[in-house]
Amino acid sequence: MEVMLETLLWCIECVLEVYFILAVVNVVLYWLMHFGLIGQGGEAFKKFLKFLHQITEPVYAKLRERIKPVSGFDICPYVLIFALMLVLHILAVTRISLQG
């Protein structure tokens, strides 16, 4: 039973780590484009941006329902990143404690 729980926790952790990376990349690319350090790029870059938007925007939208902008600044991406870091840490500690 512990092996199944440990495997399940590991799978959830992997999925959340990938989502965490995508959220961080989304924030970094937003700031790089905002300050003009990178442009909109070619067709492949635009598809990647669209993919990031499709993956992250549903979660951001749910967060925006509860968290309003602070002085016009949307903090939802940062709240999501912090929450993912917290959940990943809790999962890792739980999984390690199951190992003995």
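Colleague: What makes you place Gly39 in the loop between α1 and α2?

Modeller: Helix α1 covers 2-34 and α2 covers residues 43-66, and Gly39 lies in the loop between the two. Helices (H or I, at least four residues) and strands (E, at least two) are DSSP runs, numbered from the N terminus. Do keep in mind that this is a predicted model, in which local features need pLDDT of at least 70 and side-chain atom pairs count only at pLDDT 80 or more, while totals for chains, interfaces and linings use all residues. Residues are numbered from 1 along each chain as its sequence is written, and side-chain values use heavy atoms, with hydrogens and water left out.

Colleague: Thanks! Why is Gly39 called partly exposed?

Modeller: Its relative accessibility is 48%. Buried means under 20% relative accessible area, exposed over 50%, and partly exposed in between (1.4 Å probe, protein chains only), so Gly39 at 48% counts as partly exposed. Its loop neighbour Gln40, also between α1 and α2, has 47% and therefore counts as partly exposed too.

Colleague: Which residues do Gly39 and Gln40 touch?

Modeller: Contact means heavy atoms within 4.5 Å. Leaving aside residues up to four places away in sequence, Gly39 touches Met33 and Phe45. With its own neighbours within four places set aside, Gln40 is in contact with Met33, Phe45, Lys46 and Leu49.

Colleague: What makes the chain more spread out than a compact globule?

Modeller: Let me start with the layout: the chain has three helices and zero strands, in the order α-α-α. Its radius of gyration is 17 Å, well over the 13 Å that the globule rule gives for 100 residues, so the chain is more spread out than a compact globule. That radius is taken over C-alpha atoms, and the rule is 2.2 Å times the number of residues to the power 0.38. Along its principal axes the C-alpha trace spans about 50 × 35 × 20 Å. As one distance within it, Gly39 and His89 are 35 Å apart, C-alpha to C-alpha, with their positions 50 residues apart in sequence.

Colleague: What share of the residues counts as buried, and why is Arg95 called buried?

Modeller: Of the 100 residues, 21% count as buried. Arg95 has 16% relative accessibility, so it counts as buried. It sits in helix α3 (residues 76-99) and, beyond its neighbours within four places in sequence, is in contact with Glu6, Leu9, Trp10 and Glu13.

Colleague: And why is Lys50 called exposed?

Modeller: Lys50, in helix α2, has a relative accessible area of 53%, so it is exposed. Ser71, in the loop between α2 and α3, is at 80% and therefore counts as exposed as well.

Colleague: What makes the phi of Ser71 worth a look?

Modeller: Most residues other than glycine have a negative phi. Ser71 has a positive phi of about 55° although it is not a glycine.

Colleague: How do you know that Cys14 is in no disulfide?

Modeller: A disulfide is a pair of cysteine sulfur atoms within 2.5 Å. The structure holds zero disulfides. For Cys14, the nearest cysteine sulfur is that of Cys11, 6.5 Å away, so with a cut-off of 2.5 Å the pair does not qualify. Cys14 is partly exposed at 28% relative accessibility, whereas Cys76 counts as buried at 0%.

Colleague: Last one: how many side chains count as positive and how many as negative?

Modeller: There are 8 positive and 8 negative side chains, and the centres of the two sets lie 12 Å apart. Lys and Arg count as positive and Asp and Glu as negative, with His and the chain ends not counted. Each charge is placed at NZ of Lys, CZ of Arg, CG of Asp or CD of Glu.
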